[in-house]
Amino acid sequence: MSIRPYVLTETNWKSVSETDFGTAVLPWGAIEAHNTHLPYGTDNIQLDRIAADACAVAWERGARVIALPTVPYGVNTGQSDIPLDLNMMPSTQQALLGDIAQALEGQNILKLVVLNGHGGNNFRQMIREVGFHRSKLFICEINWFKVLDAKLYFEDPGDHAGELETSLILEIAPELALPLDQAGSGAARPWAIAGLNEGWAWAERRWSEVTEDTGVGDPRAASKAKGRLFLDALTRKIGDFLAELDSTPINAIYKRQ
Ligand SMILES: [Zn+2]
């Protein structure tokens, strides 16, 4: 494997000192059970690959983007009774994001993309607050699971360790997935209150009340081929976004009539 100059974990001072980086990508995952068959690190494994491949697309287009190491802990406040689901509080995440933003701003890398890969993470309000204190920096978030219409790629994408995530792991790290006949059904209990199911009322789900096997979504129609197709389309789209962002000066970020 050759060294990828847009993956910080792999690159070196020789390469970095010769490169004028403009945009950093901070992948942010979680460590948690993913049905019975996928690894706890599923979100992080997916993010490592999505971030690197998207940065590759942008790099090819001339963008000077860098994929930072994935933050492996996410908000799992609803899973405290599931062994080794390890929660990081939103307030801790905000402190971490603030430190990274400060470091980047001080080094004149003025565009930061938080690439989120976990449904319990929510960076919007943090970006408002961190951005308020780091006014030279442009910060945005991408939730990769919202980039494409997953229904065009999967029969039933699922919420957590379902067909979509299982297909991605079959493509990215098949050696870490147990055979599908060892996966639970991913059946999930809905709320007993209509407004919560309709989505206009919201409450955090107590995961162990919702699902027996920690999965939400049936993984059994998953395949490596579906994972590859989705991953290619996803990383091309995010890569194009990164290239566009990197090539747009901060003072030209709004269209002038
Ligand atoms: Zn996941």
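## Thr19

At 18% relative accessibility, Thr19 counts as buried (buried is under 20% relative accessible area, exposed over 50%, partly exposed in between, with a 1.4 Å probe and protein chains only). Thr19 sits in the loop between helix H1 (13–17) and E1; helices (H or I, at least four residues) and strands (E, at least two) are DSSP runs, numbered from the N terminus. Setting aside neighbours within four places in sequence, Thr19 is in contact with Trp59 and Arg64, where contact means heavy atoms within 4.5 Å.

A word on the model: it is predicted, with local features needing pLDDT of at least 70 and side-chain atom pairs counting only at pLDDT 80 or more, while totals for chains, interfaces and linings use all residues. Residues are numbered from 1 along each chain as its sequence is written, and side-chain values use heavy atoms, with hydrogens and water left out.

## The zinc site

What holds the zinc ion on the protein side? The donors are His34 (NE2), Asp43 (OD) and Glu165, which is listed twice through OE, at 1.9 to 2.7 Å from the ion. Donors here are N, O and S atoms within 2.8 Å of the metal (3.2 Å for Na, K and Ca), and because water is not among the atoms, sites may look incomplete.

The angles among the 4 donor atoms run from 52 to 144 degrees, and the site is irregular. For reference, four donors are tetrahedral if all angles lie between 85 and 135 degrees; four are square planar and six octahedral if opposite donors are over 155 degrees apart and all others between 65 and 115; anything else is irregular. Along the chain, the donors follow the spacing H-x8-D-x121-E. His34 lies in the loop between strand E1 (23–28) and helix H2 (42–60) and Glu165 in helix H5 (residues 163–172), so this pair ties together parts that are 131 residues apart in sequence. His34 is buried at a relative accessible area of 0%, and Glu165 is buried too, at 8%.

## Leu168 in helix H5

Helix H5 also holds Leu168, which counts as buried at 0% relative accessibility. Not counting residues up to four places away in sequence, Leu168 touches Gln46, Trp144, Gly227, Phe230 and Leu231. Thr42 is 126 residues from Leu168 in sequence, with 9.1 Å between their C-alpha atoms.

## Leu86

Leu86 is in the loop between strand E2 (65–67) and helix H3 (90–106). At 39% relative accessibility, Leu86 counts as partly exposed.
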